[in-house]
Amino acid sequence: MTHLLYLTENDRGLERWRTEIAKIDPNITLHSLNDPYDPDTIEVVLAWKPPAGIFPKLTRLKLIQSLGMGVDHLFKTKDRPPTMPIARIIDADMANQMSEYSLYGALTAFRNFHHYRAAKARAEWAPEPRNFHDEFAIGILGYGELGRTTAERLRQNGFPNIRIWSRTPKAIPSLKCYAGKEELLSFAKNLDLLICLLPLTAETESILNSRLFDQLNPNAYLINAARGEHLNHADLIAAIESKQISGALLDVFAEEPLPKTDPFWTIPEIEITPHVAASTNPRTAAAQVVENIRRVEAGKKALNLVDLKRTY
(Lines give C-alpha, C1' and ligand atoms only; values in the text may rest on other atoms or scores of the structure.)
Protein backbone atom coordinates (compact mmCIF):
# COMPACT_ATOMS: atom_id res chain seq x y z
CA MET A 1 0.00 0.00 0.00
CA THR A 2 1.28 3.46 -0.97
CA HIS A 3 0.45 6.41 1.28
CA LEU A 4 -0.02 9.89 -0.16
CA LEU A 5 -0.74 13.12 1.74
CA TYR A 6 -3.15 15.83 0.57
CA LEU A 7 -1.33 18.91 1.82
CA THR A 8 -3.64 21.91 1.34
CA GLU A 9 -5.17 24.71 3.41
CA ASN A 10 -8.49 22.82 3.27
CA ASP A 11 -9.84 19.55 1.90
CA ARG A 12 -11.49 21.06 -1.16
CA GLY A 13 -11.31 18.56 -4.04
CA LEU A 14 -10.01 15.73 -1.84
CA GLU A 15 -12.76 13.23 -2.61
CA ARG A 16 -12.49 13.83 -6.36
CA TRP A 17 -8.76 13.10 -6.22
CA ARG A 18 -9.35 9.98 -4.13
CA THR A 19 -11.89 8.69 -6.62
CA GLU A 20 -9.76 9.30 -9.71
CA ILE A 21 -6.53 7.95 -8.18
CA ALA A 22 -8.35 4.83 -6.96
CA LYS A 23 -9.58 4.16 -10.50
CA ILE A 24 -5.96 3.94 -11.66
CA ASP A 25 -4.38 2.29 -8.63
CA PRO A 26 -6.56 1.17 -5.69
CA ASN A 27 -3.40 0.48 -3.67
CA ILE A 28 -2.75 4.20 -3.21
CA THR A 29 -4.29 5.74 -0.11
CA LEU A 30 -4.70 9.51 -0.14
CA HIS A 31 -4.71 10.93 3.38
CA SER A 32 -6.12 14.24 4.52
CA LEU A 33 -4.37 16.20 7.25
CA ASN A 34 -7.46 15.41 9.32
CA ASP A 35 -6.94 11.65 8.93
CA PRO A 36 -4.71 9.53 11.14
CA TYR A 37 -1.56 8.82 9.15
CA ASP A 38 2.06 7.88 9.79
CA PRO A 39 4.40 10.69 8.58
CA ASP A 40 7.16 8.13 8.07
CA THR A 41 5.14 6.45 5.30
CA ILE A 42 4.74 9.60 3.19
CA GLU A 43 7.10 9.89 0.21
CA VAL A 44 4.90 12.11 -1.99
CA VAL A 45 2.53 14.95 -1.14
CA LEU A 46 -0.14 16.59 -3.29
CA ALA A 47 0.22 20.23 -2.34
CA TRP A 48 -1.55 23.54 -2.86
CA LYS A 49 -0.77 26.42 -0.49
CA PRO A 50 0.41 23.95 2.16
CA PRO A 51 0.03 24.96 5.81
CA ALA A 52 3.14 25.50 7.90
CA GLY A 53 4.49 22.85 10.23
CA ILE A 54 3.91 19.74 8.13
CA PHE A 55 7.01 19.45 5.95
CA PRO A 56 9.44 19.09 8.89
CA LYS A 57 7.51 15.98 10.02
CA LEU A 58 7.83 14.22 6.66
CA THR A 59 11.31 12.78 7.04
CA ARG A 60 10.97 10.34 4.11
CA LEU A 61 9.52 12.82 1.63
CA LYS A 62 10.90 12.50 -1.91
CA LEU A 63 8.57 14.66 -4.06
CA ILE A 64 6.22 17.61 -3.77
CA GLN A 65 3.54 17.31 -6.45
CA SER A 66 1.78 20.62 -7.05
CA LEU A 67 -1.95 20.32 -7.57
CA GLY A 68 -1.79 22.85 -10.38
CA MET A 69 0.43 24.25 -13.10
CA GLY A 70 1.55 27.08 -10.83
CA VAL A 71 4.21 26.49 -8.18
CA ASP A 72 4.74 29.99 -6.75
CA HIS A 73 2.65 29.02 -3.73
CA LEU A 74 5.24 26.37 -2.85
CA PHE A 75 8.18 28.76 -3.04
CA LYS A 76 6.33 30.97 -0.55
CA THR A 77 6.16 28.07 1.95
CA LYS A 78 8.90 28.87 4.46
CA ASP A 79 9.43 25.36 5.85
CA ARG A 80 9.52 23.63 2.47
CA PRO A 81 12.71 21.57 2.14
CA PRO A 82 14.68 23.81 -0.25
CA THR A 83 16.20 21.02 -2.36
CA MET A 84 13.09 18.83 -2.47
CA PRO A 85 12.00 18.13 -6.08
CA ILE A 86 8.76 19.82 -7.13
CA ALA A 87 6.60 18.59 -10.00
CA ARG A 88 3.79 20.59 -11.54
CA ILE A 89 0.77 19.36 -13.44
CA ILE A 90 0.83 19.82 -17.21
CA ASP A 91 -2.72 19.15 -18.30
CA ALA A 92 -4.25 19.74 -21.72
CA ASP A 93 -7.65 20.28 -20.10
CA MET A 94 -6.33 23.18 -18.02
CA ALA A 95 -4.71 24.71 -21.09
CA ASN A 96 -7.98 24.36 -22.98
CA GLN A 97 -9.88 26.10 -20.17
CA MET A 98 -7.38 28.96 -20.20
CA SER A 99 -7.63 29.35 -23.96
CA GLU A 100 -11.43 29.53 -23.67
CA TYR A 101 -11.15 32.22 -21.02
CA SER A 102 -8.67 34.20 -23.10
CA LEU A 103 -10.85 33.87 -26.19
CA TYR A 104 -13.81 35.24 -24.24
CA GLY A 105 -11.74 38.26 -23.23
CA ALA A 106 -10.39 38.69 -26.75
CA LEU A 107 -13.88 38.68 -28.24
CA THR A 108 -15.04 41.12 -25.56
CA ALA A 109 -12.29 43.54 -26.57
CA PHE A 110 -12.52 42.92 -30.32
CA ARG A 111 -16.31 43.32 -30.53
CA ASN A 112 -16.38 46.15 -27.94
CA PHE A 113 -18.78 44.26 -25.68
CA HIS A 114 -17.32 45.97 -22.60
CA HIS A 115 -18.24 49.33 -24.11
CA TYR A 116 -21.80 48.15 -24.77
CA ARG A 117 -22.23 46.85 -21.21
CA ALA A 118 -21.22 50.27 -19.94
CA ALA A 119 -23.53 52.00 -22.43
CA LYS A 120 -26.44 49.83 -21.31
CA ALA A 121 -25.88 50.93 -17.70
CA ARG A 122 -26.18 54.51 -18.95
CA ALA A 123 -29.22 53.67 -21.11
CA GLU A 124 -27.19 54.93 -24.06
CA TRP A 125 -27.28 53.70 -27.68
CA ALA A 126 -23.61 54.02 -28.59
CA PRO A 127 -22.23 52.03 -31.56
CA GLU A 128 -18.43 51.72 -31.67
CA PRO A 129 -16.27 51.58 -34.84
CA ARG A 130 -15.62 47.96 -35.80
CA ASN A 131 -12.24 46.28 -35.49
CA PHE A 132 -10.59 44.14 -38.17
CA HIS A 133 -8.91 40.84 -37.34
CA ASP A 134 -5.70 41.49 -39.24
CA GLU A 135 -5.26 44.91 -37.60
CA PHE A 136 -6.16 43.85 -34.06
CA ALA A 137 -2.79 43.30 -32.35
CA ILE A 138 -2.72 40.72 -29.55
CA GLY A 139 0.25 40.15 -27.26
CA ILE A 140 0.65 37.13 -24.98
CA LEU A 141 3.04 37.35 -22.04
CA GLY A 142 4.29 33.81 -21.48
CA TYR A 143 4.65 30.98 -23.96
CA GLY A 144 4.47 27.83 -21.91
CA GLU A 145 1.66 25.30 -22.25
CA LEU A 146 -1.00 27.94 -21.52
CA GLY A 147 0.44 30.51 -23.91
CA ARG A 148 0.87 28.00 -26.74
CA THR A 149 -2.69 26.72 -26.45
CA THR A 150 -4.12 30.22 -26.17
CA ALA A 151 -2.25 31.46 -29.23
CA GLU A 152 -3.51 28.49 -31.24
CA ARG A 153 -7.11 29.02 -30.07
CA LEU A 154 -6.97 32.68 -31.06
CA ARG A 155 -5.56 31.84 -34.49
CA GLN A 156 -8.29 29.23 -34.99
CA ASN A 157 -10.83 31.95 -34.31
CA GLY A 158 -9.52 34.34 -36.90
CA PHE A 159 -6.89 36.40 -35.07
CA PRO A 160 -3.66 36.31 -37.11
CA ASN A 161 -1.89 39.32 -35.57
CA ILE A 162 -0.36 37.68 -32.48
CA ARG A 163 2.98 38.27 -30.83
CA ILE A 164 4.47 36.55 -27.80
CA TRP A 165 6.96 37.49 -25.11
CA SER A 166 8.96 35.01 -23.07
CA ARG A 167 11.95 35.27 -20.81
CA THR A 168 14.07 33.14 -23.12
CA PRO A 169 14.14 33.38 -26.95
CA LYS A 170 11.64 31.38 -29.01
CA ALA A 171 11.31 30.87 -32.75
CA ILE A 172 7.66 30.11 -33.55
CA PRO A 173 6.44 30.11 -37.17
CA SER A 174 3.61 32.60 -37.78
CA LEU A 175 4.19 34.41 -34.46
CA LYS A 176 6.23 37.50 -33.75
CA CYS A 177 8.54 36.50 -30.90
CA TYR A 178 10.16 38.74 -28.30
CA ALA A 179 12.25 37.76 -25.31
CA GLY A 180 13.96 39.24 -22.29
CA LYS A 181 13.70 42.55 -20.49
CA GLU A 182 15.33 44.42 -23.35
CA GLU A 183 12.49 43.47 -25.75
CA LEU A 184 9.53 43.79 -23.39
CA LEU A 185 8.53 47.34 -24.33
CA SER A 186 8.95 46.63 -28.04
CA PHE A 187 6.67 43.63 -27.63
CA ALA A 188 3.95 45.80 -26.05
CA LYS A 189 4.19 48.64 -28.58
CA ASN A 190 0.78 49.37 -30.16
CA LEU A 191 -0.99 46.29 -28.81
CA ASP A 192 -4.79 46.35 -28.70
CA LEU A 193 -5.00 43.40 -26.31
CA LEU A 194 -2.48 42.25 -23.70
CA ILE A 195 -2.86 38.79 -22.14
CA CYS A 196 -0.74 37.76 -19.14
CA LEU A 197 -0.15 34.01 -18.72
CA LEU A 198 3.27 34.16 -17.07
CA PRO A 199 4.48 32.13 -14.10
CA LEU A 200 5.06 34.29 -11.05
CA THR A 201 8.72 34.84 -10.21
CA ALA A 202 10.74 37.67 -8.72
CA GLU A 203 11.38 38.88 -12.28
CA THR A 204 7.72 38.92 -13.35
CA GLU A 205 6.17 40.44 -10.24
CA SER A 206 4.45 43.78 -11.10
CA ILE A 207 5.29 43.34 -14.79
CA LEU A 208 1.85 44.77 -15.60
CA ASN A 209 2.62 48.39 -14.77
CA SER A 210 2.37 51.90 -16.18
CA ARG A 211 5.61 51.57 -18.13
CA LEU A 212 4.15 48.63 -20.03
CA PHE A 213 0.64 50.10 -20.31
CA ASP A 214 2.04 53.27 -21.90
CA GLN A 215 3.27 51.22 -24.86
CA LEU A 216 -0.18 49.89 -25.71
CA ASN A 217 -2.56 51.50 -28.16
CA PRO A 218 -4.97 53.92 -26.47
CA ASN A 219 -8.12 52.13 -25.26
CA ALA A 220 -6.34 48.77 -25.16
CA TYR A 221 -7.72 45.83 -23.18
CA LEU A 222 -5.99 43.74 -20.50
CA ILE A 223 -6.50 40.11 -19.47
CA ASN A 224 -4.68 38.82 -16.39
CA ALA A 225 -5.30 35.14 -15.72
CA ALA A 226 -1.85 34.34 -14.33
CA ARG A 227 -1.22 35.70 -10.82
CA GLY A 228 -2.47 38.78 -9.00
CA GLU A 229 1.06 39.81 -8.09
CA HIS A 230 1.81 40.40 -11.75
CA LEU A 231 -0.39 43.50 -11.68
CA ASN A 232 0.28 46.92 -10.19
CA HIS A 233 -3.24 47.86 -9.09
CA ALA A 234 -2.68 51.60 -8.88
CA ASP A 235 -1.16 51.67 -12.36
CA LEU A 236 -4.15 49.86 -13.85
CA ILE A 237 -6.60 52.26 -12.20
CA ALA A 238 -4.61 55.23 -13.51
CA ALA A 239 -4.50 53.72 -17.02
CA ILE A 240 -8.26 53.24 -17.01
CA GLU A 241 -8.85 56.78 -15.76
CA SER A 242 -6.65 58.17 -18.56
CA LYS A 243 -8.37 55.96 -21.19
CA GLN A 244 -5.08 54.27 -22.01
CA ILE A 245 -6.85 51.04 -21.06
CA SER A 246 -10.55 50.75 -21.83
CA GLY A 247 -11.24 47.54 -19.95
CA ALA A 248 -9.74 44.62 -18.07
CA LEU A 249 -10.69 41.02 -17.40
CA LEU A 250 -9.09 39.92 -14.12
CA ASP A 251 -9.22 36.40 -12.70
CA VAL A 252 -6.43 36.54 -10.12
CA PHE A 253 -5.55 38.83 -7.23
CA ALA A 254 -2.77 39.20 -4.69
CA GLU A 255 -5.35 38.66 -1.95
CA GLU A 256 -8.07 36.10 -2.59
CA PRO A 257 -10.98 36.34 -2.11
CA LEU A 258 -10.72 39.93 -3.28
CA PRO A 259 -11.71 42.10 -0.27
CA LYS A 260 -15.11 43.75 -0.56
CA THR A 261 -13.41 47.11 0.02
CA ASP A 262 -11.11 46.76 -3.00
CA PRO A 263 -11.71 49.59 -5.51
CA PHE A 264 -11.70 47.10 -8.40
CA TRP A 265 -15.25 46.08 -7.45
CA THR A 266 -16.58 49.57 -8.18
CA ILE A 267 -14.75 50.25 -11.46
CA PRO A 268 -17.17 49.38 -14.29
CA GLU A 269 -14.35 48.87 -16.82
CA ILE A 270 -13.00 45.94 -14.79
CA GLU A 271 -14.63 42.53 -15.09
CA ILE A 272 -13.82 40.21 -12.19
CA THR A 273 -13.95 36.42 -12.05
CA PRO A 274 -13.05 34.42 -8.89
CA HIS A 275 -9.89 32.56 -10.04
CA VAL A 276 -11.79 30.22 -12.34
CA ALA A 277 -9.99 30.69 -15.66
CA ALA A 278 -8.45 27.20 -15.43
CA SER A 279 -8.86 24.69 -12.63
CA THR A 280 -7.13 21.35 -12.18
CA ASN A 281 -9.30 18.45 -13.32
CA PRO A 282 -8.53 15.24 -11.40
CA ARG A 283 -10.17 13.21 -14.16
CA THR A 284 -7.45 14.24 -16.60
CA ALA A 285 -4.58 14.94 -14.19
CA ALA A 286 -4.69 11.89 -11.90
CA ALA A 287 -2.78 9.68 -14.35
CA GLN A 288 0.34 11.85 -14.27
CA VAL A 289 0.18 12.06 -10.48
CA VAL A 290 0.06 8.26 -10.23
CA GLU A 291 2.89 7.99 -12.76
CA ASN A 292 5.03 10.29 -10.63
CA ILE A 293 4.29 8.21 -7.54
CA ARG A 294 5.42 5.09 -9.37
CA ARG A 295 8.55 6.87 -10.59
CA VAL A 296 9.46 7.94 -7.07
CA GLU A 297 8.97 4.41 -5.79
CA ALA A 298 11.19 3.10 -8.61
CA GLY A 299 13.90 5.67 -7.90
CA LYS A 300 13.30 7.52 -11.17
CA LYS A 301 12.90 11.23 -11.93
CA ALA A 302 9.37 12.57 -11.76
CA LEU A 303 7.69 14.12 -14.78
CA ASN A 304 7.30 17.90 -15.18
CA LEU A 305 9.91 18.84 -12.62
CA VAL A 306 10.36 22.51 -11.76
CA ASP A 307 13.73 24.24 -12.01
CA LEU A 308 14.30 25.12 -8.35
CA LYS A 309 16.72 27.92 -9.21
CA ARG A 310 14.41 29.56 -11.74
CA THR A 311 11.33 28.80 -9.56
CA TYR A 312 9.20 27.61 -12.48
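At what angle do α3 and helix α4 (residues 113-121) pack, and how far apart are their axes? The legends below, written for a predicted model, start with that pair and then move on to other close-ups.

**Figure 1. The packing of α3 against α4.** Helix α3 and helix α4 (residues 113-121) meet at an angle of about 65°, and their axes are 5 Å apart. Angles of 65 to 115 degrees count as roughly perpendicular, so α3 is described as roughly perpendicular to α4. On the α3 side, look for Y104, L107, T108 and A109; on the α4 side, the partners are F113, H114 and R117. Sorted by character, the residues of this contact are four nonpolar, two polar and one charged.

**Figure 2. The largest nonpolar core.** This core holds 49 residues, and W17, I21, L46, I138, I140 and L154 are the members that touch the most others. Helix α3 (residues 92-110) is the top contributor, giving eight residues. Both domains take part: domain 1 (2-91 + 280-298) and domain 2 (92-272) each supply at least three residues. To find your way around, try centring the view on L154, which touches L103, A106, I138, I140, F159, I162 and I195, leaving out residues up to four places away in sequence. Another core, of 31 residues, lies apart from this one and includes A188, L198, I240 and I270.

**Figure 3. Where the two domains meet.** The domain assignment divides the chain into domain 1 (2-91 + 280-298) and domain 2 (92-272). Taken over C-alpha atoms, the centres of domain 1 and domain 2 are separated by 32 Å. At the contact, eleven residues of domain 1 touch nine residues of domain 2.

**Figure 4. T150 and its surroundings.** T150 sits in helix α5 (residues 145-156). Is T150 buried or exposed? Its relative accessibility is 0%, so T150 counts as buried. Setting aside residues up to four places away in sequence, T150 touches M98, S99, S102, I140 and L197.

**Figure 5. L208, a loop residue.** Here the view turns to the loop between β9 (193-196) and α7 (210-213), where L208 is found. With a relative accessible area of 0%, L208 is buried. Which residues does L208 touch, not counting those up to four places away in sequence? They are L141, L194, C196, F213, L222, N224, H230, L231 and N232. For a sense of scale, L208 and D40 are 168 residues apart along the chain, and 44 Å separate their C-alpha atoms.

**Figure 6. N281, ahead of helix α9.** N281 belongs to the loop between β12 (270-272) and α9. Its relative accessible area is 10%; buried means under 20%, so N281 is buried. Beyond its neighbours within four places in sequence, N281 is in contact with R16, D91 and D93.

**Figure 7. E291 in helix α9.** E291 is placed in helix α9 (residues 282-297). Its relative accessibility of 29% makes E291 partly exposed. A useful landmark for this view is L303: E291 and L303 lie twelve residues apart in sequence, with 8.0 Å between their C-alpha atoms.

Conventions
Residues are numbered from 1 along each chain as its sequence is written. This is a predicted model: local features need pLDDT of at least 70, side-chain atom pairs count only at pLDDT 80 or more; totals for chains, interfaces and linings use all residues. Side-chain values use heavy atoms; hydrogens and water are left out. A nonpolar core is a set of buried Ala, Val, Leu, Ile, Met, Phe, Trp, Tyr and Cys residues joined through side-chain atoms within 4.5 Å. Buried means under 20% relative accessible area, exposed over 50%, partly exposed in between (1.4 Å probe, protein chains only). Helices (H or I, at least four residues) and strands (E, at least two) are DSSP runs, numbered from the N terminus. Domain bounds come from an automatic or database domain assignment. Contact means heavy atoms within 4.5 Å. Axes are lines fitted to C-alpha atoms, for helices over the stretch in contact, and angles run from 0 to 180 degrees between N-to-C directions. Angles under 35 degrees count as roughly parallel, over 145 as roughly antiparallel, 65 to 115 as roughly perpendicular and the rest as oblique. Ala, Val, Leu, Ile, Met, Phe, Trp, Tyr, Cys and Pro count as nonpolar, Asp, Glu, Lys and Arg as charged, and the others, Gly among them, as polar.
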